[in-house]
Amino acid sequence: MQASSGMLTKFESKSSRAKGIAFHPKRPWILVSLHSSTIQLWDYRMGTLIDRFEEHDGPVRGVDFHKTQPLFVSGGDDYKIKVWSYQTRRCLFTLNGHLDYIRTVFFHHELPWIVSASDDQTIRIWNWQNRSLLCTMTGHNHYAMCAQFHPKEDLVVSASLDQSVRVWDISGLRKKHSAPSSMSFESQASHANQNQTDMFGNTDAVVKFVLEGHDRGVNWVAFHPTMPLIVSAGDDRLIKLWRMSETKAWEVDTCRGHFANASGCLFHPHQDLILSAGEDKTIRVWDLNKRTTVNTFKRENDRFWVIAAHPEINLFAAGHDNGVMVFKLERERPASTVYQNQLFYITKEKHVKSYDFQRNVESPTLLSLKKLGSPWVPPRTLSYNPAERSVLVTTPADGGSYELINLPREGSGVTDATESKRGQGNSAIFVARNRFAVLNTSTQTVDIKDLQNNVTRSFKPPVGTSDVYFGGTGNLLIITPTAVHLYDIGQKKTTAELAVNGVKYVVWSNDGLYAALLSKHNVTIVSKTLEQISTLHETIRIKSATWDDAGVLLYSTLNHVKYTLLNGDNGIVRTLDQTVYLVRVKGRNVYCLDRSAKPRILQIDPTEYRFKLALVKRNYEEMLHIIQNSSLVGQSIIAYLQKKGYPEIALQFVQDPTTRFELAIECGNLEVAVEMAKQLDRPKLWTRLSTEALAHGNHSIVEMCYQKLKQFDKLSFLYLSTGDENKLARMAKIAEHRGDFTSRFQNALYLGEVEDRIQMFKEIDLYPLAYMTAKSHGLEEECQAILEATGLSEEELNLPTFGDALTPPKPIVPTYKANWPTKSTSQSVFERALLGQMESLSLEDEGAANGVGVEADETAKGDALAEADEDEDAAGWDMGEDIVPEVEEGFVNVDTADAGGVGSSEADLWARNSPLAVDHVAGGSFDTAMQLLNRQVGAVNFAPLKPRFLEVYQASKTYLPASAGLPSLVNYVRRTPEESDLRKVLPIIPRDLEYLTNNDLQQGHRFMKENKLEEGLVVFRNILHSALVNAVGADSEVADAKKLITSAAAYTLAMSIELARRALDPSDLKRNLELAAYFTIPGIEVPHRQLALLSAMAQSVRNKNYNTALSFAKRILANGGSPKILENARKTKAQCERNPNDAVEIEYDQFAEFEICAASFTPIYSGTAYEECAFDGSKYHTKYKGTVCTVCQVCEVGKHGSGLKLFA
Amino acid sequence: MDPYSAEGELTNIHNHFHQGQYQEVVDFDVSSLSPENALPARVLQLRARVALGQAEDVLADVQGEKEPELEAVAALAEQTLGNTDKAVEIAESLAQSTPDNATVQIVGGTVLAAAGKSDEALALLANHQGSLDAVALIVQIHLQNNRNDLALKAVVEARRWAQDSLLVNLAESWVGLRVGGDKYQQAFYVFEELAQAPATSSVRTLVSQAVAELHLGRTEEAQAALEQVLKKEPSYAEAIANLLVLSVITGSKQKDELTSSLAQADPEHPFLTDLNEKSDLFDKAASKYSAKVSA
């Protein structure tokens, strides 16, 4: 690096002399105009040249970005001002008028104006919207070197080689060009007057002040962004500071130091600093208030020509003889450290503060470090000692120093560091409760000191040590430019060494097992014994890192937050609009400090890396959870899974048949592969499938592939090797049919059919061969026949000697009947779990459903996933196979080669297309339907569902009379007649939910009203059964369906209670009254509840239970309704209120909240434990767990499934 | 000249046959036909009589006849009477001896296909020389085997040389009812055209129309058509079966009544046999489950 030490260079370019620079206000771009006539557009963050603009003729000295529009302006030695669009990448127009070189061009901050300064001694203001010259300001009598608008007021400042700086008032120009209506008559008059008074006709811009003080030409001048100050730089090597008031302006002071022409100067946008650059190859930083030098950066060979500041962030750029450099004056990384749930950091004001991650609050200032180091140098590091509650701060000022300060106790307010221990050192960190290590790079020593700042031991670190970090208890991590050493303090020696270049920061994981070594472009993860775990490279600079609790490293680059797993897998978590320093990850929050040292919280989506982590750790439970709760489906995740060797998992995410096929082949899932190949039906795929299936030993699939491909010879050989003689014979017939003699010969050979071979030879006139064949097999008659046919005698033949005729071996084991022992497919636990999940089956139920006897335990209730035991060989899993529908019929059994045979009917497809029980029922697949219902709602007693099953099944097919003499053609009735995609077709559902609501439910209500409870009970149960085996057309209808089910269940319960009451012996008065009371509890429709209440009230009154009757009466009145009922209730109420007592004590607490146990018809008070039916939601006392629900009569009480699925 | 083509003598009787107007076939005046068409006409009449349930008479009629055509008809009659084995035996021997005889192909193919030997039937029918009857049979066999793709292929191929003939239209409609979507409507048009013109209307075409309507979701129209059929022929099993399906779909109360009338009309109807089978399947499958605690 050519610049002097201490300069924080961010970007450097190589080019010819840079004369003009402009920062883009938002993007990380810089425009550089060159002496060679080119204008460059750089991305200084990425270090890339974005564009070049070459239309000027000769050097270009001035450039400026527009603040908001995608525009920039340039002015050059060709006297031209050009306005460009960087979007369309071309010059929009040219403003002509200047008569000599143009030195600077600047946009106005709000008006569509450009100000230019030229060697023709004028300063001109242009309107770039109507492309006109607004004003020419004359007065300088030498080259005008620089002219700038004031950032707020209507002023222009200019510098000239005539040694003067001028301030111009352009308010007249603004008035003239603002809307005329805003001008009163008076002001118009005065405006006119003003015009008259100016003898040069120069009315719009008038010289306000002429600042004289430089004794050579002035090269640059600039306004202060907020204060009435001006700074100028001149060939007299001076930087002058000027102040102005409304009426006058004067010189404040001079900064002396440049020893050649000063070419540029500016005010720091938000600090009290002045920056200047000169031909003496230096950039100087001055204190605005004291006018003393703060810093000097020297370049070896290049003279500086221009300097510019970024309007917002702490960045500057300077143009010199060989290009441009972008730099900043100070480090912006706030010194910080994290201890448990607290972040300690130092603000820009040098205050130590803390931040609580749990409460998300910032503390007041704990400590002020104003006196530490020099005023313009921020502290570099902060180390915290929780035992002593002290901090160790280092600052690079004064060649590096540290300070050890105790934090004040809570609530004692701001304190200056009173008692502090300090010393020289470049790095200082706590290594134990009462020890800290100090590195002094100049002397290359590391001192271990106690809290009294006394050296307890001292040693020489490895050569070139630049930094030290905590290295675990009793250890230091020592950083050299090319390596990291793990240094044991006790033994005073390096115990491990890892070659890593340019490490700048070390970040330990929360459990202290891993550390991330950050260098400019690399992250290296090491174990605590300094073994490299992984490393990754970033093209963009890495800024900071922090560990997730799960062992994922999150790191920030200039523009991204990224993650890396221990195995090196990484990815982007989110983008950043400004640089931040990560300090902590907690859930979806990333805590960080921004460049102004303010704690911030970024929201992230950790799904991706959590999923990948779970994948690496084979934590299926977590993966399932993630898959269920987020939409991870995307090309990237599929590609990732595939790349990482989890094709079977990727398979679960993919819909596209081609990809599915590829994945299925990769993970050896032949079933899926067959399905997909069938869908796509391309010869290439069949070929691949056949190879794969052959490798698996699954010869039935191989056979099908060959059939599809019409590879007769291969097929024949396959039949030979599987010993399937029947099919081989058929192949022979086919060969004959096709007239393919080679094939026929081959098949005959395989079959050992000598006659057929002879016959064939004869057919194709190969009598010699026919004869030989016959002869060698001892078929003398045949030989004779051939001889006769050819008219030859045996003597005329010259026969070779024959060996024994070959006969093909006879198959002993009919291997064709079953597949060879197939290679086990890689169906993982996870895959099975997923299959279950896709059909919305809870894993827990899977076992139980198949009678393995995995007990449904209590924990299954909330989160069935929790049951997805990590235990790889959990027996329950093996049952997963059953879910995979048998699809291969008609494929494997293809028994004629020209693809005849039987296909699978549409009804078979239904079960395949749908996870709904009803579709399985319609397809006639009752057993899978029952499995589904069992898993979804714990259905165990299917007998009551039989009518519904048959009903659904019956509705699915029609009979079309076709050819006479043949049975009718069966066709399948579809739910939506428009659908013809076989992968989507679904069967019609008789008595769908709409029908049930409009018919059965109404009928049930009618029975209720007519007091036909037995009939009603049948109807409502029927509704429940029909709803259980049903489907809805949209997700939104599911809620309606659930409502219908709940309502039907309530009626069923209510009617059952009342029927039970009626069946009672009338002498059991207590129970009678109780049941009457309970009859009013289920959530049936209000008019019907009124009936129940009336009945209960009447019962109570009759038995002198006036208090209870009163409560019923009140409820009736509260419900409202027909006047007759209300009148009745009112009377009862009045009557009861006279004597609110109960004659019979019953278990009915009118004030308590309770529900009715559907088995015992007793109350379940709120708060007590209960079980319920997963389907209809009826409640039971816990002792009824495991019995069949009395309401729906189908499901098992307390068996919690994945919930009824009515919509796919 | 093809006697079945539009100008041929047999067009009408042939069309009557395929439109399911069997009585018209039987009543057709064959006396004016040229001698070479007498036999095919007779075969058609015999088949129509079989379809009308007069299989025994037909069997007696063709007893002792040596023409393979009539032997094939005999096989058909045997099959209708339930003597499947005998029928298949005759058909197979005919297939062996005279596989190129069109009637043998069609009638024999029918017998074989009905006996579940669809491969043999297809092999026999594959010998046909441009016979649409054979094509229609092939299509139906493919459909029965759920090979809609092959059926469609056969129809498309036939459409190329046979254009707009009745049988191609019918076969296409059969396939259409499998394919679904727009094809339902097209099939409906074909059936409706046949069923609604008095000259071509028959119970079979009416039922076909009703089935198409049912698939289109027009339950009321389907109901009307089926009731019309039952008015004409109260014991027509297909009509009863489809009406039964319809009543299940619409949730009507006729269900049980229809089931018993179907059992009366055709106790062996696939609807019933299938249902019994499924009923057993249900019981078997349901027996695997039971509550953990019996109440």
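Chain B has 17 helices and 0 strands. This is a predicted model. Chain A, by contrast, has 29 helices and 62 strands. The points below cover each chain's make-up, two helices of chain B, the nonpolar cores, the contact between the chains, and a stretch of strands in chain A.

**The two chains in outline**

- Chain B has 295 residues, and 51% of them count as buried.
- Take the contacts in chain B between residues at least 6 apart in sequence: 48% of them join residues at least 24 apart.
- Chain A has 1208 residues, and 47% of them count as buried.
- For contacts in chain A between residues at least 6 apart in sequence, 47% join residues at least 24 apart.

**Helix α3 of chain B**

- Helix α3(B) covers residues 35-51, which makes 17 residues.
- From its first C-alpha to its last, α3(B) reaches 25 Å. That is close to the 24 Å expected at 1.5 Å a residue.
- Several residues of α3(B) are buried, including B:Pro40, B:Ala41, B:Val43, B:Leu44 and B:Leu46.
- The buried set of α3(B) also includes B:Gln45, B:Arg47 and B:Arg49.
- What covers these buried residues? The cover includes α1 (11-18), α2 (22-27), α4 (55-62), α5 and α7 (102-114) of chain B.
- Just after α3(B) comes B:Gly53, with a positive phi of about 90 degrees.

**Helix α5 of chain B**

- Helix α5(B) runs over residues 68-80, 13 residues in total.
- At 1.5 Å a residue, α5(B) should span 18 Å. Its end C-alpha atoms are 18 Å apart, which agrees.
- Of the 13 residues of α5(B), 13 are buried, so the helix is largely enclosed by the rest of the structure.
- B:Gly82 lies just after α5(B) and takes a positive phi of about 100 degrees.

**Nonpolar cores**

- The largest nonpolar core has 198 residues.
- Which residues have the most contacts inside this core? They are B:Val73 and B:Val139.
- Helix α25 of chain A (residues 1037-1062) gives the largest share of this core, 11 residues.
- Chain B takes part too: domain 1 (21-114) and domain 2 (180-276) of chain B each supply at least three residues of this core.
- Another core lies apart from it, with 124 residues. Among them are A:Ala664, A:Tyr719, A:Ala770 and A:Tyr771.
- Now look at the contacts of B:Val73, leaving aside its neighbours within four places in sequence. B:Val73 is in contact with B:Val43, B:Leu46, B:Arg47, B:Val58, B:Val62 and B:Val107.

**Where the chains touch**

- 53 residues of chain A are in contact with 53 residues of chain B.
- On the side of chain A that touches chain B, at least two residues come from each of α21 (926-937), α22 (946-954), β57 (957-960), β58 (969-972) and α23 (993-1009) of chain A.
- The largest share of this side of chain A, 6 residues, comes from α22(A).
- By class, this side of chain A has 25 nonpolar, 19 polar and 9 charged residues.

**Strand β31 of chain A and its partners**

- Strand β31(A) covers residues 351-356. It runs antiparallel to β30(A), residues 342-346, and 5 bridges join the two.
- A:Gln342 stands opposite A:Asp356 of β31(A).
- β30(A) and β31(A) form a hairpin with 4 residues between them. In its turn, A:Lys350 has a positive phi of about 65 degrees.
- β31(A) also runs antiparallel to β32(A), residues 361-362, with 2 bridges joining them.
- A:Asp356 stands opposite A:Val361 in β32(A).
- The hairpin of β31(A) and β32(A) has 4 residues between the strands. A:Asn360 takes a positive phi near 55 degrees there.
- β31(A) pairs with β33(A), residues 367-368, over 2 bridges in the antiparallel sense.
- A:His351 has A:Ser368 of β33(A) as its bridge partner.

**A loop residue: A:Ser374**

- A:Ser374 sits in the loop between β33 and β34 (381-385) of chain A.
- Is A:Ser374 buried or exposed? A:Ser374 is exposed, with 12 other C-beta atoms within 10 Å.
- Not counting residues up to four places away in sequence, A:Ser374 touches A:Ala397 and A:Asp398.
- A:Ser374 and A:Asp398 are 24 residues apart along the chain, and their C-alpha atoms are separated by 7.6 Å.

Terms used: Residues numbered from 1 in each chain as written. Chains lettered and ligands numbered in written order. Predicted model: local features only at pLDDT ≥ 70, side-chain atom pairs only at ≥ 80, totals over all residues. Pairing = 2+ DSSP bridges. Contact = placed C-beta atoms within 7 Å. Nonpolar A, V, L, I, M, F, W, Y, C, P; charged D, E, K, R; others polar. Expected span 1.5 Å × (residues − 1). Buried ≥ 20, exposed ≤ 12 C-beta atoms within 10 Å, placed from the backbone. Core = buried A, V, L, I, M, F, W, Y, C linked by C-beta atoms within 7 Å. Domains from an automatic or database assignment.
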